[in-house]
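Biologist: I am new to this structure and would like to go through it with you. Could you put it on the screen before we begin?

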Amino acid sequence: MKSHAFAPVFLLMLGAFLFSTLSLSADRPNIIVILSDDMGYSDIGAYGGEIRTPELDRLAREGRQFTQFYNSARCCPSRASLLTGLYPHQAGVGHLIYPTIHPGYGDRLVPDSITMAEVLREAGYGTYMAGKWHLAPRRYDPTTDLEHWPIRRGFERFYGTIAGSGSFWDPSTLCRQETLITPENDTAYQPETFYYTDAITDNALMFLRDHEAGAQQRPFFLYLSYTAAHWPLHVPEEEMRAYAGEYDAGYAVVHARRVERLRQLGLIPEVSTIDDPIGDWNGVGNKAVEAALMEAYAAMVTRMDKGIGQIMAFLEQTGQADNTLVFYLQDNGACSEDWFGAETTRTTPYEPMGSDELQRSYRPLQTRDGRPVRMGPEVMPGPDDTYTAYKENWANVSNAPFRKYKHYVHEGGISSPLIVHWPARLGEGNGDRLVREPAHLIDIMSTCLEAASVRYPVQRRGIPLQSLEGTSLLNVMTGRSSGLAERSLFWEHEGNRAVRRGQWKLVALDAESWELYDLDQDRGEMRNLVSTYPRVAAELAAEWHAWATRSKVLPLGGWMDLDDGQVALDLKEGETLPVEKSPLLKGHEVSFALRVLEGPFEGVLLQQGSASDGYALSMENDCLRLTMRNDGEASSMTLAGLPRAPFTIRGSIAANGRARLSIDDRRVDGRLGKPFKTDPTSGLQVGSSEWGDRAASASTAFQGRLGFVTIRGSFPSDSHHE
């Protein structure tokens, strides 16, 4: 009898083992995602640029070039979207990493999102990252924020910077695994001369060599996140010398040459007319400096391309190139920012820095050996004691033939090259080399998971996940019908907003009116057709607003509602906190955001305190109610008429008793009660309640299902949240 009982168990175990072995077999591709920083559509050679990028050009010739691929107009929103397959606001990073009172505009990835590194690692991939993260609170404090650093988001090994920018010679927030380091005290990597672009390449190669030596049966995922060519314009002198004289003819000449090459390459048949180039070269005072800015920028890109070549050479040498799926793309359009135009005046040296002393600012005041960092219109770019940017006129050249720049959602702000290389699947005759269907960052996760034969999970750490927004690009890359052309794509950044469906794009600058363009004929966005096709414009505007409502974009301008000095805590349904780890209420503001996934809409969603002091958020009789108890007195505010799930609830109680409550874009605010006289004697509960007075709040646990729950406030000094 025992042997018979054992047989099915044994067969199940054997089947599980065989399935696991098959799932890790060599036919699953390695995956490399290469992301560059602050570059324009026509910078690299394969997209019309004069910048020398032979390795990227080769990958484009042998693979696929997307002509209408889009990013999210800014560095960290694009990174959030790329890694999660969600729109940036859904991932919690709709703007820069500043905390706000709105869940769509936060300083870390939300808990109901998951990165492709997390998914692929669970599926047996080795997961490695080298380069820029920029998806964590800007305190950059390893004692409080590690949950939002790469290792806790799915990467087995990480080398790079947590912040978004900094010196290429001595970067701030340089980190190995979860330890902040400097180029001088890093025992694992000591090149003759440290240069961050090279360091990203070299450490990625270190990870791949170690993987090859110790995990041959596992495929790998590498996220190669270069900071080139983001300011400052730092590059080795020998690289920059190779571009001497390249840009002496000025803005208009280089712009025109790029447009002509783009036309010859067949990349912009939809661009009929273009805007005039920006900038008068004849009016430039110091042409030598101005040309040098673009020389340095170009040299930074070429240095990155050489690093990509080293990665590809390693794959060739180890026989892995054919079955490695490689993506190259850019995080936003070219950058017109120039925060560093004011001339610096300090000439006396600083004290040299110790080997363990960290650069504390993205713009250092000094070099490690004590020289002041120089800025201003007469500073030649390149060395470690300079900090410069190439400014609007050259950014317009980088974005040729499109309008606008990083920050904006006109084509110049969101158009990116996308090169895909995978010889095993994208060989000759297997689909057109130029892919003209519109695609977006949200599609990269879906593409990688399909290529790896991995299903998207339903939850992360017990929290239900949002559904993927993107579509796999494998069908369109291999010449099969995809249906991508007629779907709708959406954008919002700093109030700039857009929707594209088929040939039509509706776009607006911040508070200005909508503009409508036919991108089949006018991708240069020169002829506004909003008055010619008002019905099309109205339909697209309604579609954009529906997307913004469900995707945590609203309220428009929410990125400005900063919530400085508070700590955000991510919780899940059923979780409780003791009073000593719960937010302070006396003299402090507390705010919350919850995602309601499904009903019934009855019961308490959130409560802190007791029947005499505290607050509760509940649903009852098709109403959302926020109740405040102070010295036994209860006061409430309500929002009637609950929408169909899923929807987002936000609210706050200020130190003076004023409160705010919203469901998606509907909001009510006013004074809820008197300021709290004491902090509650009971802790925080999610989805349950100990209050017994139904007149003030439903006393039952919530009957539906919650997604993410985020509490933001001030916590006791000995709390683990500090």
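Biologist: Is K404 buried, exposed or partly exposed?

Modeller: K404 is partly exposed, with a relative accessible area of 26%. Please keep in mind that this is a predicted model.

Biologist: Where is K404 in the chain?

Modeller: K404 sits in the loop between α9 and α10. Its phi is near 70 degrees, which is a positive value in a residue other than glycine.

Biologist: Why point out the sign of phi?

Modeller: Most residues other than glycine have a negative phi. T173 is a further residue other than glycine with a positive value, its phi being near 55 degrees.

Biologist: Where is T173, and is it buried or exposed?

Modeller: T173 belongs to the loop between β4 (157-161) and β5 (174-176). Its relative accessibility is 13%, so T173 counts as buried.

Biologist: Let us turn to peptide bonds. Which residues does a cis peptide bond join?

Modeller: One cis bond joins A400 and P401, with omega about 10 degrees. P401 is found in the loop between α9 (391-398) and α10 (411-414), and K404 is also placed in the loop between α9 and α10. Another cis bond joins W231 and P232, with omega about 5 degrees. P232 is in the loop between β7 (220-225) and α6 (237-241).

Biologist: And what form do most peptide bonds take?

Modeller: Most peptide bonds are trans.

Biologist: Changing topic, how many disulfides are there?

Modeller: A search of the whole structure finds zero. For C175, the nearest cysteine sulfur is that of C76, 18 Å away. For C335, the nearest is that of C75, at 8.8 Å. A disulfide requires two cysteine sulfur atoms within 2.5 Å, so neither distance qualifies.

Biologist: Are those two, C175 and C335, buried or exposed?

Modeller: C175 is buried, with a relative accessible area of 0%. C335 is buried as well, at 4%.

Biologist: What about salt bridges, how many does the structure hold?

Modeller: The structure holds 42 salt bridges. One of them is formed by the side chains of D37 and R79, at 4.0 Å from N to O. That pair links distant parts of the chain, 42 residues apart: D37 is in the loop between β1 (30-36) and α2 (54-62), and R79 is in helix α3 (residues 75-84).

Biologist: Are D37 and R79 buried or exposed?

Modeller: D37 is buried, with a relative accessible area of 0%. R79 is likewise buried, at 0%.

Biologist: Which residues are linked in a network of salt bridges?

Modeller: The network links D198, E238, E239, R303 and K306. Within it, R303 forms a salt bridge with D198, the closest N and O atoms being 2.8 Å apart. R303 lies in helix α8 (residues 287-317) and D198 in helix α5 (residues 196-214), 105 residues apart.

Biologist: How does R303 meet E239, and which parts does that pair tie together?

Modeller: The side chains of R303 and E239 meet in a salt bridge of 3.1 Å, N to O. R303 lies in helix α8 and E239 in helix α6, so this pair ties together parts that are 64 residues apart in sequence.

Biologist: Are R303, E239 and D198 buried or exposed?

Modeller: Both R303 and E239 are buried, with R303 at 17% relative accessibility. D198 is buried too, with a relative accessible area of 19%. The cut-off for buried is under 20%, so D198 at 19% meets it.

Technical notes. Residues are numbered from 1 along each chain as its sequence is written. This is a predicted model: local features need pLDDT of at least 70, side-chain atom pairs count only at pLDDT 80 or more; totals for chains, interfaces and linings use all residues. Side-chain values use heavy atoms; hydrogens and water are left out. Helices (H or I, at least four residues) and strands (E, at least two) are DSSP runs, numbered from the N terminus. Buried means under 20% relative accessible area, exposed over 50%, partly exposed in between (1.4 Å probe, protein chains only).
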